[in-house]
Amino acid sequence: MKKKILVTYDMFREGFTELESKYDVTFPDGRDFTYDEVYEMLPGYDALCSMFNFPVDKKLIDRANGLQLIANYAVGYNNIDVAYALEKGLTVANTPDPVTNPTANLALGLIIDTARCITECDHKLRSQGKEMKIGVLENLGVSVSGQTLGIIGMGRIGKALCKRARTCSMEVIYYNRHQLDMAEETKLGVTYVSKEELLQQADFISLNAPYTPETFHMIGEEEFNKMKPSAILINTARGPLVDEQALVKALQTGRIHGAGLDVFEFGDYPLPELLEMDNVVLTPHIGTQTIDTRIIMARIVSNNVIGFFEGDRPVSRVLRP
Ligand code: GLV
């Protein structure tokens with residue numbers, strides 16, 4: 001009998017051609033399945049393909065009679081209770097490779113946008129038209145080249161951002177759970193510092209760490225108080241890494257200069273105060289939102305499922321929570 005695969009999200013089907021040719025695959029039609037729908041349907045499926053914002057919790061895992069694999073569409077897997085899934089003997093897989101470059105590109109885009117007021121100027125031109133003040137002392141931004149970027153989380157995306165920042169002639173310092181070896185630091189042209197030193201020295205701070213209980217609110221009031229008043233915070237990782245109320249306060253009081261955010265603490269939308277601020281650039285979790293990336297990520301999910309059942313290709317396994 002063919003394996004049964006349940007995909008929770010609506011997606012371009014190109015990436016799933018091979019999966020569909022081998023297995024009995026259920027997709028939602030023109031929308032994502034809700035949690036309750038998946039809960040009802042799940043028993044009897046061999047693999048569940050979840051999206052990064054779909055909670056795969058204990059309740060769902062307990063319901064999953066016969067399930068062997070959870071293949072997540074994302075590099076991050078904080079939506080899954082991985083510890084419980086592994087305890088129950090399930091395999092969890094993710095899609096690290098195709099996520100790296102687009103997310104690093106977006107982070108660099110947010111750095112340049114916030115520094116050079118691109119979105120702010122665009123808004124002003126559209127809303128003020130010929131009333132907009134234009135002159136050599138108007139619409140002044142801050143430089144990117146020659147400034148120091150502090151990267152918190154030096155995994156694949158952090159390193160990819162580092163290479164881009166170096167190309168823009170930025171100095172790069174980083175803080176990570178583990179220091180890179182010296183050869184890699186030299187190749188990347190980066191210096192390891194403590195979190196405190198990074199907060200004090202960086203002109204731009206980019207968060208590229210996974211979301212875990214340890215990284216929850218890794219940036220809050222205490223951290224903002226250590227930053228330069230000219231600092232710009234960039235978050236393309238996960239919203240809850242930042243205490244968003246504390247961020248609003250830091251921006252309102254001029255404790256820091258600006259922010260570029262692709263993710264928010266309380267779901268899909270930022271706190272309303274952020275919408276009012278010209279020095280904040282906001283995007284709705286579009287780190288990997290390009291057509292080709294979406295298709296490649298689907299292909300990797302498909303490869304993870306096929307590799308798991310057939311053993312004919314590598315599976316990107318998540319080994320621990
Ligand atoms: C996207 O947010 C991802 O984790 O891949």
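Select Gly-258 first: in this predicted model, the residue counts as buried, at 1% relative accessibility. The cut-off for that class is under 20% relative accessible area. Gly-258 belongs to strand E11, which covers residues 258-261. Add Tyr-174 to the selection and display the two C-alpha atoms; Gly-258 and Tyr-174 are 84 residues apart along the chain, and their C-alpha atoms are separated by 20 Å.

Next, select the ligand together with its surroundings. The residues around the ligand are Phe-52, Ala-74, Val-75, Gly-76, Val-99, Arg-238 and His-285. Coloured by class, this shell shows four nonpolar, two polar and one charged residues.

Now display the polar contacts of the ligand. At Val-75, a backbone N or O atom lies 2.8 Å from a ligand oxygen atom. At Gly-76, a polar backbone atom is 2.9 Å from an oxygen atom of the ligand. Arg-238 contributes through its side chain, with a polar atom 2.8 Å from a ligand oxygen atom. The ligand taken alone exposes 190 Å², of which the protein buries 92%.

Finally, turn to the protein surface and select Val-136, Leu-137 and Leu-140. These residues make a nonpolar surface patch of about 390 Å². Within this selection, centre the view on Leu-137, which sits in the loop between helix H6 (118-128) and strand E6 (148-152). Is Leu-137 buried or exposed? Leu-137 is exposed, because its relative accessible area is 70% and the class requires over 50%.

Conventions. Residues are numbered from 1 along each chain as its sequence is written. This is a predicted model: local features need pLDDT of at least 70, side-chain atom pairs count only at pLDDT 80 or more; totals for chains, interfaces and linings use all residues. Side-chain values use heavy atoms; hydrogens and water are left out. Patches are made of residues with over 30% relative accessible area and no salt bridge: like charges are joined within 9 Å, nonpolar side chains (Val, Leu, Ile, Met, Phe, Trp, Tyr) within 5 Å. Accessible areas come from the Shrake-Rupley method with a 1.4 Å probe; for residues, only the protein chains shown count as cover. A salt bridge is a side-chain nitrogen of Lys or Arg within 4 Å of a carboxyl oxygen of Asp or Glu. Helices (H or I, at least four residues) and strands (E, at least two) are DSSP runs, numbered from the N terminus. Buried means under 20% relative accessible area, exposed over 50%, partly exposed in between (1.4 Å probe, protein chains only). A residue is near a molecule or strand if one of its heavy atoms lies within 4 Å of it. A polar contact is a pair of N or O atoms within 3.5 Å; within protein, one must be able to donate a hydrogen and the other to accept it, and residues adjacent in sequence count only if both atoms are side-chain atoms. Ala, Val, Leu, Ile, Met, Phe, Trp, Tyr, Cys and Pro count as nonpolar, Asp, Glu, Lys and Arg as charged, and the others, Gly among them, as polar.
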